Amino acid sequence: MARVVKGVNIDSLDDEFKLMELLDSIEDFEERKVVRSRLQEVKAVNKAKREALVRNREQERENAIRQRQQEAAEQKQRTLAMYDKMAKTGKLDTTLYKEGVESQEDDDSGRTDLVEDAIKQRQREADLRKKRILAAYDAAAKSAPAGVVKTVDFDSFKKADVSTFEVPKPTGAATGSSTFCAAGGVPKIVKDAPKNAFAKFQQMDQATKPARPSFSVPVRGGTTRSASDIKEMLLNWCKSKTKGYEHVDIQNFSTSWNDGMAFCALIHHFYPDAFDYEQLEPKNRRHNFDLAFRTAEEQAGISPLLDTEDMVLMKKPDWKCVFTYVQSLYRNLVNKD
């Protein structure tokens, strides 16, 4: 028999709020008892529905995780098979990676060794970047007599055409790589330049003793500072811009930057919408360096004077390389605040 209260068939009501409103409007004890009983029934049914929905969602989530794990395992197998075949044949069969089956083509004339091409392209880019750095130092050395403070302006060479720039042959007893030599403070650019930025700066440091010219960073007001003042000023500037960032404690220009988090924090301070800093982890060093250098170049046009591969390989980066890149960041970003 249907239960009717105040002319309402409460057995047909499935809305908890309407039942509670009806309960509030009733003063008769027996009628309130009937409505309260129906309310408990509705709550029990709704609870069961919610629990079933949660179980279904959890099952769907587990199925999705298992599916992704299976796909990752299959992708790993295809990748291993592709590189195994490449090691045996010398050819990179991308069909084996994409479709899981070996390519049936017998004609090798149209195939391209993608790995070799990528290595050659990377070498060309590295050579061009090195040439621009050498050109910038060469221009700075010739800009003023020996003993005068000189400024190396990397920005003017970041997109310059240096295809015609030739490395002069050494004169006299000057040997080694492109650097500011002690004789007159003029750079002697010779062949056999270092292969990376770290070697270049190390050779520069040795070749310029004891009469090494000083370099400066322009500061507000048009003045310049000594090397020690610049180092301390840049260190304090970096600390102030990265204050409050997790995993960042800048105490020097070497180990404080070896996981890329300091670079990311410094760039994120000026471009907070470029990436989500909270998602970064110190253990992902390669990703952090790539992200920081790429964002600085895309957002501010700052040339990547540091190489990700070099930074990943060294737990204690050469402070002169880091210091030079931070100078470039400072010159481009100091006026953004």
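The exercises below deal with the packing of helices α7, α8 and α10 and with aromatic pairs in a predicted model.

**Exercise 1.** Classify how helix α7 packs on helix α8, and state which residues make the contact.

Solution.
- Step 1. Helix α7 covers residues 261–270, and its axis comes within 8 Å of that of α8, with a crossing angle of roughly 30°.
- Step 2. Angles under 35 degrees count as roughly parallel, so α7 is roughly parallel to α8.
- Step 3. The two helices cross in a left-handed sense.
- Step 4. From α7, the contact uses Met 261, Phe 263, Cys 264 and Ile 267. From α8, it uses Asn 288, Phe 289, Leu 291, Ala 292, Phe 293, Thr 295 and Ala 296.
- Step 5. Sorted by class, the contact of α7 with α8 holds nine nonpolar and two polar residues, and no charged ones.

**Exercise 2.** Do the analysis for helix α8 and helix α10.

Solution.
- Step 1. The axes of α8 (residues 285–300) and α10 (residues 319–333) are 12 Å apart, and the packing angle is about 30°.
- Step 2. The cut-off of 35 degrees applies here too, so α8 is roughly parallel to α10.
- Step 3. The crossing of α8 and α10 is left-handed.
- Step 4. On the α8 side the contact residues are Ala 292, Phe 293, Ala 296 and Ala 300; on the α10 side they are Tyr 325, Leu 329, Asn 332 and Leu 333.
- Step 5. Seven residues of this contact are nonpolar, one is polar and none is charged.

**Exercise 3.** Describe the aromatic pair of Phe 263 and Phe 293, and decide whether each residue is buried or exposed.

Solution.
- Step 1. The whole structure contains 12 aromatic pairs.
- Step 2. In this one, the ring centres of Phe 263 and Phe 293 are 5.5 Å apart and the planes make an angle of 70°, an edge-to-face arrangement.
- Step 3. Phe 263 lies in helix α7 and Phe 293 in helix α8, 30 residues apart, and the pair thus links distant parts of the chain.
- Step 4. Buried means under 20% relative accessible area. Phe 263, at 1%, is therefore buried, and so is Phe 293, at 4%.

**Exercise 4.** Describe the aromatic pair of Phe 289 and Phe 293, and place these residues in an aromatic cluster.

Solution.
- Step 1. The centres are 6.0 Å apart and the planes differ by 25°, which is a stacked pair.
- Step 2. Because Phe 289 and Phe 293 are four residues apart in helix α8, about one helical turn separates them.
- Step 3. Phe 289 has a relative accessible area of 0% and is therefore buried.
- Step 4. One aromatic cluster consists of Phe 253, Trp 257, Phe 263, Phe 289, Phe 293, Trp 319, Phe 323 and Tyr 325.

How values were computed:
Residues are numbered from 1 along each chain as its sequence is written. This is a predicted model: local features need pLDDT of at least 70, side-chain atom pairs count only at pLDDT 80 or more; totals for chains, interfaces and linings use all residues. Side-chain values use heavy atoms; hydrogens and water are left out. Axes are lines fitted to C-alpha atoms, for helices over the stretch in contact, and angles run from 0 to 180 degrees between N-to-C directions. Angles under 35 degrees count as roughly parallel, over 145 as roughly antiparallel, 65 to 115 as roughly perpendicular and the rest as oblique. A crossing is left-handed if the near helix is turned anticlockwise from the far one by less than a right angle, and right-handed if clockwise. Contact means heavy atoms within 4.5 Å. Ala, Val, Leu, Ile, Met, Phe, Trp, Tyr, Cys and Pro count as nonpolar, Asp, Glu, Lys and Arg as charged, and the others, Gly among them, as polar. Rings of Phe, Tyr and Trp (its six-membered ring) pair if their centres lie within 6.5 Å; planes under 30 degrees apart count as stacked, over 60 as edge-to-face and the rest as tilted. Buried means under 20% relative accessible area, exposed over 50%, partly exposed in between (1.4 Å probe, protein chains only).
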